[in-house]
Amino acid sequence: MRYPNEMERRNVGILGATGMVGQRFIQLLANHPWFNITWLAASERSAGKTYAEACKWKLDTPLPAHIAQMTLQPNVPELATGELPRIIFAALDAEIARELEPKFAAAGCAVISNSSAFRMTHDVPLVVPEVNADHLGVLERQATRSASGGYIVTNPNCSAIGLVLALKPLEEAFGIDSLFVTTMQAVSGAGFPGVASLDILGNVVPYIKNEEEKMQEEVGKLLGNADARGFHPLDAKVSAHCNRVAVIDGHTECVSIKLKTRATYEEIVAAWESFQPLSGKGHEGLHLPSAPLFPVEYAAEEARPQPRLDLMRGNGMATTVGRLRPCTIFDWKFVLLSHNTIRGAAGAAILNAEILAVLGKFDFRKWPSQQSEIAGAVPA
């Protein structure tokens, strides 16, 4: 394991750099202490243009001047000009990712993906570092790992990330039997141009393609176990209803949960508030630059959380929970909020890259013969 004072600054690239998640990658990596953007790629129609020429910048901070002048590369490794970085953040649609991400892994790159294309693949870790960093050891089984050193690691669906952060401390303390979740998801989750204004203004759209299936599958993989035989999903029933609402950023979720062990209001809140798996008691902590000190924050006010008021807790990387109260069908119910393009997308991938750096998974000089350790190395 490597600690922050030993960390060198590494060059990184971004696939799908002009899209909304690509833009968020650029914003969050602009002043990152461990990573330096040196390579940007986009579709064939944008390759060869400067970033400023090809991108309609939509974020609330200025486009960094040096990024604006960078020339966009073709989105295939064999056509890359200059030095191809060995760390690639991928912000691609699933169908495109399914074709391109394996090519970059085969070329010896660590592909940190935000796409759904390989999330449920048997040898690809689906990771939220506070929840299941020990699953990262599975990447050693990927065929490209022994051939070129490259691999793919994914982060979950934007609505699943906020949910599993709230569920992990409850699963550890009480066990989860079943849960029912209804989401109210922001329009930024659909990218740009996304949902047409006449479809969403003054409206709720009760359908997001594949979203319910993703949530139900991914929660099981994230909260389950991984060993030499593969992934073993959590033995719990999950039912999801997913809706698009007229909010710019921030996914709100209403959760009803049945626990395996009875718990009081005070015990549940204490489980959330003491949840610090990356910086908790008993070790120095990992001090990952993007990790919030408290991944789950409880808002005791009766009308919280709200996107306008709570979205940027933990710099957009924390899940806010509130309105914990008894449920007449299950045991308890509560509301959670998470930032869908920071914690739910680019920020999640960057945090995955940070834990990979600490675990030595970017030490390319050792590949492939000396890379034998399995990531269970996160301090307990």
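This section describes the confidence, the sheet, one helix and the aromatic contacts of a predicted model.

The predicted protein chain has an average pLDDT of 92, and 92% of the residues score at least 70. Over residues 367-380, by contrast, pLDDT stays under 50, although the model places 42 contacts beyond four places in sequence for this segment.

An open sheet of 7 strands runs in the order 8-11-7-12-15-14-13, and the pairing within this sheet is mixed. Its edges are occupied by strand 8 (204-205) and strand 13 (296-299), each of which has a single partner strand, so that one side of each is left without a neighbour in the sheet. Helix 9 (residues 211-223) packs on this sheet, where it touches strand 7, strand 11 and strand 12 (251-259), and the direction of the helix makes about 135° with that of strand 11. Strand 7 (residues 176-185) is paired in the parallel sense with strand 11 (residues 237-245) over 8 bridges, and within strand 11 Arg-244 is the residue that stands opposite Gln-185.

The geometry of helix 9 agrees with expectation, because its 13 residues should span 18 Å at 1.5 Å a residue and its end C-alpha atoms are 18 Å apart. The buried residues of this helix are Glu-211, Met-215, Glu-218, Val-219, Gly-220, Lys-221, Leu-222 and Leu-223.

Strand 15 takes part in antiparallel pairing with both strand 12, over 7 bridges, and strand 14 (residues 319-326), over 5 bridges. In the pairing with strand 12, Glu-253 stands opposite Leu-336 of strand 15, whereas Arg-325 has Lys-333 of strand 15 as its bridge partner. Strand 14 and strand 15 together form a hairpin, with 5 residues between them. Of the 7 residues of strand 15, 6 are buried, so this strand is largely enclosed by the rest of the structure. Ser-338, which is found in strand 15 (residues 332-338), is buried with a relative accessible area of 2%. When residues up to four places away in sequence are not counted, Ser-338 touches Cys-158, Gly-162, Gly-250, His-251, Leu-311, Ala-318 and Thr-319.

Aromatic contacts were also examined, and the count comes to 8 aromatic pairs. One of them is formed by Phe-25 and Phe-89, whose rings are tilted, with 5.2 Å centre to centre and 35° between the planes. Phe-25 lies in helix 1 (residues 20-29) and Phe-89 in strand 4 (residues 87-90), so this pair ties together parts that are 64 residues apart in sequence. Phe-25 counts as buried because its relative accessibility is 0%, under the limit of 20%, and Phe-89, also at 0% relative accessibility, likewise counts as buried. The rings of Phe-35 and Phe-89 have centres 6.0 Å apart and planes at 75°, so this second pair is edge-to-face. Distant parts of the chain are again linked, since Phe-35 belongs to strand 2 (residues 35-42) and Phe-89 to strand 4, 54 residues apart. Phe-35 is buried, as is Phe-89. Phe-25, Phe-35 and Phe-89 are joined by Phe-362 in one aromatic cluster.

Methods. Residues numbered from 1 in each chain as written. Predicted model: local features only at pLDDT ≥ 70, side-chain atom pairs only at ≥ 80, totals over all residues. Heavy atoms only, no water. Pairing = 2+ DSSP bridges. Helix = DSSP H or I, 4+ residues; strand = E, 2+ residues; numbered from the N terminus. Contact = heavy atoms within 4.5 Å. Axes fitted to C-alpha atoms, helices over the stretch in contact; angles between N-to-C directions. pLDDT = per-residue confidence, 0-100. Expected span 1.5 Å × (residues − 1). Buried < 20%, exposed > 50% of the residue type's maximum accessible area, 1.4 Å probe, protein only. Phe/Tyr/Trp six-rings, centres within 6.5 Å; stacked < 30°, edge-to-face > 60°.
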